[in-house]
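Welcome, and please open your viewer. We will go from stop to stop, with something to select at each one.

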Amino acid sequence: MTEPVTDPANEADLLDAWLAGGTTPPRSVIKEAVKESLAALAERAPGHSVEVRIPPYAAIQCIEGPRHTRGTPPNIVEMDARTWLALATGRLNWANAVGSGTVSASGSRAPEVGALLPLR
């Protein structure tokens, strides 16, 4: 099954509507927004001490510090795409997201991601 083709100018509107509680946009639109926003986070805070995971779309390592190379990283932030995009755009507060359980942040360095948000 193929997804409908969307106009790139309309993709931001689709995401805004979704984040406000509307209809879910095509998977490709969500994937692109997640990847672009994670790339912006990695650019803002280059490094390898915290892994940010937005399954099933993408994961990055960021924040300067010791590089993790084997097994489960000690500092992990994980959430769904909707939560990530709401945080990245400033529609959701880090403390509220962690407090409600929509963000899983483990390790002493994981909360540093919250200080980098929103990305705008």
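Two strands count as paired if DSSP finds at least two bridges between them. Helices (H or I, at least four residues) and strands (E, at least two) are themselves DSSP runs, numbered from the N terminus. What you have open is a predicted model, in which local features need pLDDT of at least 70 and side-chain atom pairs count only at pLDDT 80 or more, while totals for chains, interfaces and linings use all residues. Residues are numbered from 1 along each chain as its sequence is written, and side-chain values use heavy atoms, with hydrogens and water left out.

**Stop 1: the whole chain**

Show the chain as a cartoon and follow it from the N terminus: the elements run α-α-β-β-β-α-α-β-α. That gives five helices and four strands. The radius of gyration is 15 Å, close to the 14 Å that the globule rule gives for 120 residues, so the chain is as compact as a globular protein of that length. Here the radius is taken over C-alpha atoms, and the rule is 2.2 Å times the number of residues to the power 0.38. Along the principal axes, the C-alpha atoms fill a box of roughly 40 × 30 × 25 Å.

Now switch on the surface. The chain exposes about 6800 Å², and carbon and sulfur atoms supply 53% of that area. Accessible areas come from the Shrake-Rupley method with a 1.4 Å probe; for residues, only the protein chains shown count as cover. Of the 120 residues, 38% are buried, meaning under 20% relative accessible area; exposed means over 50%, and partly exposed lies in between.

How much of the contact in the chain with a separation of 6 or more comes from residues 24 or more positions apart? Such residues account for 52% of those contacts, a contact being heavy atoms within 4.5 Å.

**Stop 2: helix α2**

Select residues 27-44. Helix α2 has 18 residues and reaches 26 Å from its first C-alpha to its last, close to the 26 Å expected at 1.5 Å a residue. The expected span is 1.5 Å times one less than the number of residues.

Next, colour V29, I30, A33, V34, S37, L38 and L41, which are the buried residues of α2. They cover an arc of only 155° around the axis, which puts them on the same side of α2. That arc is the one made by the directions from the helix axis to the C-beta atoms.

Zoom in on S37, which sits in this helix. S37 counts as buried at 11% relative accessibility. Leaving out residues up to four places away in sequence, S37 touches W84, L85, A88 and L119.

**Stop 3: the paired strands**

Select 50-54 and 76-79 together. These are β1 and β3, which run parallel and are joined by three bridges. Look across from V52 and you will find V77 of β3 standing opposite.

Add residues 103-106 to the selection. This is β4, which runs antiparallel to β3 and is joined to β3 by four bridges. Which residue of β4 is the bridge partner of I76? The partner is S106.

**Stop 4: unusual backbone spots**

Most residues other than glycine have a negative phi, and most peptide bonds are trans. Three places to visit here follow.

- Select P55 and P56: the peptide bond from P55 to P56 is cis, with omega near 0°. P56 is found in the loop between β1 and β2 (58-62).
- Select L117 and P118: a cis peptide bond joins them, with omega about 0°. P118 belongs to the segment after α5 (112-115).
- Select I63, in the loop between β2 and β3: phi is near 70°, a positive value in a residue other than glycine. I63 counts as buried, at 6% relative accessibility.

In the loop between β2 and β3 you can also pick G65. G65 is partly exposed, with a relative accessible area of 40%. Beyond residues up to four places away in sequence, G65 touches S49 and R109. The C-alpha atoms of G65 and S49 are separated by 5.1 Å, although their positions lie 16 residues apart along the chain.

**Stop 5: L87**

Finish in helix α3 (residues 81-88), the place of L87. Is L87 buried or exposed? L87 is buried, with a relative accessible area of 1%. Not counting residues up to four places away in sequence, L87 touches M79, L92, N93, W94, A97, V103, L117 and P118. Measure across to V34 if you like: the two C-alpha atoms are separated by 11 Å, with L87 and V34 53 residues apart along the chain.

Key:
Buried < 20%, exposed > 50% of the residue type's maximum accessible area, 1.4 Å probe, protein only.
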